[in-house]
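Visitor: I would like a close look at the side-chain ion pairs and at the parts of the chain around them. Please treat the matter in one connected account, with the cut-offs stated.

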Amino acid sequence: MHITASQPFRCHYRHTVPGQAPIALFIQLRARDAVAAQQIAEVALGRLVDRVEPAPFPVSTTNPAKEV
């Protein structure tokens, strides 16, 4: 198995309910690039996504090791 570097992306889409205004939603996932992120999101959601953008990298909750 080959592991590739990945980056966080947000894939935005609209959820529509008949008789109501569409709701803007997004899913956040990690993929090797924006095209791969879009393909993964569309397969997972079963619909086309409106746009894909880089997501802010989550802040680490652990303390980095420090030299003493």
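Guide: Asp50 is partly exposed, with a relative accessible area of 42%; in this usage buried means under 20% relative accessible area, exposed over 50%, and partly exposed in between, with a 1.4 Å probe and protein chains only. The model is a predicted one, in which local features need pLDDT of at least 70 and side-chain atom pairs count only at pLDDT 80 or more, while totals for chains, interfaces and linings use all residues. Residues are numbered from 1 along each chain as its sequence is written, and side-chain values use heavy atoms, with hydrogens and water left out.

Asp50 forms a salt bridge with Arg14, and the closest N and O atoms of the pair are 3.0 Å apart. A salt bridge here is a side-chain nitrogen of Lys or Arg within 4 Å of a carboxyl oxygen of Asp or Glu. Because Asp50 lies in the loop between H1 and E3 and Arg14 in strand E1, the pair ties together parts that are 36 residues apart in sequence. Arg14, at 49% relative accessibility, also counts as partly exposed.

By this rule the count comes to 3 salt bridges. Another of them joins Asp33 to Arg32, with 3.9 Å between the closest N and O atoms. Asp33 is partly exposed, at a relative accessible area of 32%, whereas Arg32 is exposed, at 55%. A further pair is Glu53 with Arg51, where the closest N and O atoms are 3.6 Å apart. Glu53 has 27% relative accessibility and counts as partly exposed; Arg51 is partly exposed as well, with a relative accessible area of 45%.

These pairs can be placed within the overall arrangement. The protein chain has 1 helix and 3 strands, in the order β-β-α-β from the N terminus on. Helices (H or I, at least four residues) and strands (E, at least two) are DSSP runs, numbered from the N terminus. Of the 68 residues, 19% count as buried. The chain exposes about 5,700 Å², of which carbon and sulfur atoms supply 58%; the areas come from the Shrake-Rupley method with a 1.4 Å probe, and for residues only the protein chains shown count as cover. Among contacts between residues at least 6 apart in sequence, 51% join residues at least 24 apart, a contact being heavy atoms within 4.5 Å.

Asp33 has a second role in the geometry: at the start of H1, a side-chain oxygen of Asp33 reaches to within 3.3 Å of the backbone nitrogen of Val35. Ala34 belongs to this helix and, at 34% relative accessibility, counts as partly exposed. Beyond residues up to four places away in sequence, Ala34 touches Phe9 and Val52. The C-alpha atoms of Ala34 and Gln7 are separated by 8.8 Å, although the two residues are 27 apart along the chain.

The 12 residues of H1 should span 16 Å at 1.5 Å a residue, and the end C-alpha atoms are 16 Å apart, which agrees; the expected span is 1.5 Å times one less than the number of residues. The buried residues of H1 are Ala36, Ala37, Ala41 and Glu42. They pack against strands E1 (7–15), E2 (23–31) and E3 (51–54).

Glu42, in H1 (residues 34–45), stands in contrast to the paired acids: Glu42 is buried yet has no salt bridge, and the nearest side chain of opposite charge, Arg47, is 10.0 Å away. For charge, Lys and Arg count as positive and Asp and Glu as negative, while His and the chain ends are not counted. Glu42 nevertheless touches Arg47, as well as Leu48 and Val49, when residues up to four places away in sequence are set aside. Just after H1, Gly46 takes a positive phi of about 75°.

Arg47 also leads back to strand E1, where His15 lies. Leaving aside neighbours within four places in sequence, His15 is in contact with Arg47, Pro22, Ile23 and Leu25. The C-alpha atoms of His15 and Leu25, 10 residues apart along the chain, are separated by 7.0 Å. His15 counts as partly exposed, at 30% relative accessibility.

Methods:
Polar contact = N/O pair within 3.5 Å; in protein donor to acceptor, adjacent residues only side chain to side chain.
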